[in-house]
Amino acid sequence: AMQVIGVYLLKSLEQYHLENLSSFLSNQAQLMSSFLERYLREPYDTEHIDELLMEFGKQMTVEIKEIYVLDPIGRIISTSRSDLSGRGKKLLSNEIAKAMAGEVGEDIREDPSANKRLKYLAFPIRSGGDVVGILYIVASLENIYNTLRDIKEILMGATILALVITAFLGFALAKTITGPIQEVTSKAAELAKGDFDQTIEVKSNDEIGQLTRMFNYLTLRLKETLGEISNEKSKIEAILTYMADGVIAVNNMGEMIHINPRAMEMLGI
């Protein structure tokens, strides 16, 4: 149950954090695009754009790694990197293609060089209904997945602890059930050998307790019944022994199964 809950919780938390980051990046992109719009008319005012990106870069959160300003066809106008050698280089990706068409493009990919997951957001910068530029933001997802990994470790630890506690409680519960049953079985074996002085202490009011009471009642009734049968047998034997008449009992095969002393005397055997 904890594993199922844990998987659901991790998926929900991952979705929650990713949606929060996406909303945050969109808000930041919208704010930055309002400042950059006036400088995205050819010839581009790269000096002011560089200054704005520098200011934005100083205020960047840990998640945001890079910011690019692209022209409408995806060429780099400016970047938050100190190295501006990539200016004029064209960037191509699905999210940038969507931004060229006037839509916000998003994607999550793994950076093969750093082996880290990154969030990419391409935000179209509009002026008079036309796309005059693209704000391209790259953010790291490592903090999110580090947090999820910590939560996963906590859940795994809790699951192991729960399994240990469950195993201990299960063993204790099993003993409370099998212990009385084993005692009933042992007493029943002694009863079968002819020892009718067997009783079991009633320790609970549950089904095991009811079984114990019935066993004690059965033992008492069996002892009483066998006592009554023994008394009747003694009476019959006494009557047959001291009768003045001879009595012989045979089975359906004609074999003698009982003869009293008077019959033996009369027959001389």
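User: What makes β1 and β5 count as paired strands in this predicted model?

Analyst: Two strands pair if at least two bridges are found between them. In this predicted model, strand β1 (residues 64–70) and strand β5 (residues 130–140) are linked by 6 bridges in the antiparallel sense, so the criterion of at least two is met. Within this pair, Tyr 68 stands opposite Tyr 136 of β5.

User: What makes β3 and β4 a pair, and which residue between them has a positive phi?

Analyst: Strands β3 (residues 105–111) and β4 (residues 116–127) share 7 bridges, with antiparallel sense; the requirement is at least two, and they therefore pair. Arg 109 has Leu 118 in β4 as its bridge partner. The hairpin has 4 residues between the strands, and Asn 115 adopts a positive phi near 55 degrees.

User: Why are β2 and β3 called edge strands?

Analyst: The open sheet has 5 strands in the order β2-β1-β5-β4-β3, with antiparallel pairing. Both β2 (76–79) and β3 pair on one side only.

User: Why are α4 and α5 called roughly parallel?

Analyst: Helix α4 (residues 142–192) and helix α5 (residues 207–241) pack at an angle of about 10 degrees, their axes being 10 Å apart. Angles under 35 degrees count as roughly parallel, and α4 and α5 are therefore roughly parallel to each other.

User: How many residues of each class form the contact of α4 with α5?

Analyst: That contact has 10 nonpolar, 1 polar and 1 charged residues. Among the residues that meet are Ile 177, Pro 180 and Lys 187 in α4, and Phe 215 and Thr 219 in α5. Lys counts as charged and Thr as polar.

Technical notes. Residues are numbered from 1 along each chain as its sequence is written. This is a predicted model: local features need pLDDT of at least 70, side-chain atom pairs count only at pLDDT 80 or more; totals for chains, interfaces and linings use all residues. Side-chain values use heavy atoms; hydrogens and water are left out. Helices (H or I, at least four residues) and strands (E, at least two) are DSSP runs, numbered from the N terminus. Axes are lines fitted to C-alpha atoms, for helices over the stretch in contact, and angles run from 0 to 180 degrees between N-to-C directions. Angles under 35 degrees count as roughly parallel, over 145 as roughly antiparallel, 65 to 115 as roughly perpendicular and the rest as oblique. Contact means heavy atoms within 4.5 Å.
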